[in-house]
Amino acid sequence: MRLLTVNVVEKLIPGPKETGFTAIDKRPQSGRVRVGELGLAGDRVCDTKNHGGPDLALYAYAEEDADWWAAELGRDIPTGLFGENLRTEGVDISGALLGEVWRIGDEVEVMVRAPRIPCITFQHRMQEPHWVKRFHQAGCPGAYLKVLREGTIGAGDPIEIISRPDHEVTIAEMFGAQDPAKLRRMLDSGVDLMDELRDTAHRVLSRGLSRG
């Protein structure tokens, strides 16, 4: 498992009229890039209401999933097209557990926090019919990462899973069909969760109880 590229914003580009400019246009960097609490040195966030912050510091997408999309869409999916900061190889991002921790290179440690939720900016970027719906249906959203240990990273750095929580809820499962029993075990495990995901899990469980 390794890091293929490290991507930061090339320049701000116009997004949908509703959002103004966007920093989704990420490009690979040569050399090593500093990683801090809020992400990569030199990167930007425009829509701070819905993006950025410590829980969404980095967005990682798997080369294997990008290759699948390239075949599905009949077009190249170059690194950074999806707005990802990290393009990985050999990492099952869709199968990553919420709360698992990776080491990237010798210094940086990150925690898997949440699946990416597609938005109108992503739709505008891709210019593909019904893109948000298709991205949901595909079930390989990539993962947002929280930085636990700062340092530098660069293309070719190894990625190692150094801890996994005691539950079964993956990025793909949180993004798609959510199994109440698995969500209950996730909550009971005591894993560190984003408030939004904890609230979502409680809502799913409440619906199950109301039906019963």
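**Notebook: pockets, domains and salt bridges**

I began with the lining of the largest pocket, where H6 gives the largest share, three residues. The model I am reading is a predicted one.

**Entry: largest pocket**

I looked up which elements contribute at least two residues each to this lining, and found strand E10 (108–115), helix H2 (120–126), helix H4 (171–175) and helix H6 (195–211). The full lining of the largest pocket runs to 27 residues. Nearest the centre I noted Asn50, Leu56, Pro115, Ile117 and Tyr144. I sorted the lining by class and got 13 nonpolar, ten polar and four charged residues. For the volume of the largest pocket I wrote down about 550 Å³.

Where does the largest pocket lie with respect to domain 1 and domain 2? I checked the lining against the bounds: domain 1 (2–176) and domain 2 (177–211) both contribute residues, so the largest pocket lies between them.

**Entry: second largest pocket**

I then turned to the second largest pocket, which holds about 470 Å³ of space. Its lining has 27 residues, and I listed Ala23, Lys26, Arg44, Val45 and His51 as the closest to its centre. Strand E3 (21–22) and strand E6 (39–40) each give at least two residues to the lining of the second largest pocket. By class I recorded 13 nonpolar, nine polar and five charged residues for this lining.

**Entry: the two domains**

I took the bounds from the domain assignment, which gives domain 1 as 2–176 and domain 2 as 177–211. Over C-alpha atoms, the centres of domain 1 and domain 2 are 24 Å apart. I listed the residues in the contact and found 16 from domain 1 and 13 from domain 2.

How much area do domain 1 and domain 2 bury between them? I have about 1300 Å², with 63% of it on carbon and sulfur atoms. On the domain 1 side I looked for the main contributors: Arg113, Glu168 and Met174 supply 39% of the area that domain 1 buries against domain 2, more than any other three residues.

**Entry: salt bridges**

I counted three salt bridges across the interface of domain 1 and domain 2. I also looked up the pair Glu173 and Lys182, which form a salt bridge with their closest N and O atoms 2.7 Å apart. Glu173 falls within the bounds of domain 1 and Lys182 within those of domain 2.

For the whole structure my search returned 18 salt bridges. One that I followed up joins the side chains of Arg103 and Glu160, at 3.4 Å from N to O. I placed Arg103 in strand E9 (residues 101–104) and Glu160 in strand E13 (residues 159–163). The two residues are 57 apart in the chain, and the pair links distant parts of it.

How values were computed: Residues numbered from 1 in each chain as written. Predicted model: local features only at pLDDT ≥ 70, side-chain atom pairs only at ≥ 80, totals over all residues. Heavy atoms only, no water. 1 Å grid on protein atoms, 1.4 Å probe; cavity = no way out; pocket = protein on both sides within 12 Å on 5 of 7 lines; lining within 4 Å. Points joined across faces, edges and corners; volume = space filled by probe spheres on them. Helix = DSSP H or I, 4+ residues; strand = E, 2+ residues; numbered from the N terminus. Nonpolar A, V, L, I, M, F, W, Y, C, P; charged D, E, K, R; others polar. Domains from an automatic or database assignment. Contact = heavy atoms within 4.5 Å. Buried area = accessible area lost by both parts, 1.4 Å probe. Salt bridge = Lys/Arg side-chain N within 4 Å of Asp/Glu carboxyl O.
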